[in-house]
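This explanation leads a new reader through the pockets of one protein structure, the ligand bound to it and some points of its backbone. Please keep the sequence and the model in view while reading.

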Amino acid sequence: MEALKKKILSDGTAIGTEIVKVDSSLNHQIDVAFLNEIGKEFARIFSDIEVTKIITIEASGIAIAAIAAQYFNNIPVVFAKKTESRNLDPDKYHSEVYSFTKQKTYPIMVSKKYISSEDKILIIDDFLANGKAALALKNLCEQAGASVQGIGIVIEKGFQKGGRLLREENHIRVESLAIIDSIDDGKITFRD
Ligand code: 5GP
């Protein structure tokens, strides 16, 4: 998606050789008009599959998934929670994610009420790095007996192993709107 690549180049910040932040539109401040374009693009790419629910992970995934859902006939969005709290339904599916940005493992949880074996799920997230968050979301869906139809990623970092892990080892359809091939001295290079 050319507009996304331009946005990453104009607003993105590279941290070292592995992390990118797009705080002005995706990861802190939300550019709603731009997320609408991203939502439309996901709907266009996945127009060949039936989706009954979008699943994502808090926090940055929520806005992207919620805006995208409007282009999938306003299907519900469920976000996995990362922290236990008294108001979270005790009857829940649970998985674990190793976060490469935080360098620690954290739990993710979804109430059993919100995923069922009838669901055809599209997973959406902002970044794909090593694939741990996406695999844990897939695992939650599988615990419910739901089928994962695909994964939509805004920015895939192609130099990390998530894309290969999901596509080749787990045979999941992954569609990324922009793929970064390298970050070198602050310079971001995209895959064509
Ligand atoms: P993975 O589980 O694929 O290793 O990492 C994906 C998750 O970590 C995403 O949910 C995303 O929020 C976060 N993440 C991974 N790499 C980056 C990055 O370069 N920038 C930002 N902002 N988040 C990242």
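The residues that line the second largest pocket divide into six nonpolar, two polar and three charged. The model is a predicted one, and this pocket holds about 170 Å³ of space. Its lining is made up of Val-77, Val-78, Phe-79, Lys-81, Asn-87, Leu-88, Asp-89, Val-110, Ser-111, Lys-113 and Tyr-114. Two elements, β4 (77–80) and β6 (104–111), each contribute two or more residues to that lining. Of the elements involved, β4 gives the most, with three residues.

The reader may now turn to the largest pocket, where about 660 Å³ of space is found. Its lining consists of 30 residues, and those nearest the centre are Ser-99, Thr-101, Asp-125, Asp-126 and Phe-127. Many parts of the chain take part: two or more lining residues come from each of β2 (19–21), α2 (23–27), α4 (60–69), β5 (92–99), β7 (120–128), α5 (132–143) and β8 (147–157). The largest share, four residues, is supplied by β7. Sorted by class, the lining comprises 14 nonpolar, seven polar and nine charged residues.

Where does the ligand sit? The ligand occupies the largest pocket. Around the ligand stand 16 residues, and the closest of them are Val-20, Asp-125, Gly-131, Ala-133 and Lys-157. Asp-125 was met above among the residues nearest the centre of the largest pocket, and here Asp-125 is also among the closest to the ligand.

The shell around the ligand can be described by element and by class. At least two of its residues come from each of β2, β7 and α5. The largest share of this shell, four residues, belongs to β7, and β7 likewise provides the largest share of the pocket lining. By class, the shell has seven nonpolar, four polar and five charged residues.

Which residues place a polar atom at a short listed distance from the ligand may be followed one by one. A polar side-chain atom of Asp-126 is 3.1 Å from an oxygen atom of the ligand. The backbone is involved as well: a polar backbone atom of Gly-131 lies 2.7 Å from a ligand oxygen atom, and a polar backbone atom of Lys-132 lies 3.1 Å from an oxygen atom of the ligand. The ligand taken alone exposes 500 Å², and 87% of that is buried by the protein.

Two points of backbone geometry complete the account. Most peptide bonds are trans, and most residues other than glycine have a negative phi. Against that background, Glu-58 and Ala-59 are joined by a cis peptide bond, with omega at about 5°. Ala-59 is found in the loop between β3 (53–57) and α4. The second point is Asn-73, a residue other than glycine whose phi is positive, near 60°. Asn-73 belongs to the loop between α4 and β4. Of the elements that bound these two loops, α4 also appears among those that give two or more residues to the lining of the largest pocket, while β4 is the element that gives the most to the lining of the second largest pocket.

Technical notes: Residues numbered from 1 in each chain as written. Predicted model: local features only at pLDDT ≥ 70, side-chain atom pairs only at ≥ 80, totals over all residues. Heavy atoms only, no water. 1 Å grid on protein atoms, 1.4 Å probe; cavity = no way out; pocket = protein on both sides within 12 Å on 5 of 7 lines; lining within 4 Å. Points joined across faces, edges and corners; volume = space filled by probe spheres on them. Nonpolar A, V, L, I, M, F, W, Y, C, P; charged D, E, K, R; others polar. Near = heavy atom within 4 Å. Polar contact = N/O pair within 3.5 Å; in protein donor to acceptor, adjacent residues only side chain to side chain. Areas by Shrake-Rupley, 256 points an atom, 1.4 Å probe, with all protein chains shown as cover. Sits in = over half its atoms within 2 Å of the grid points.
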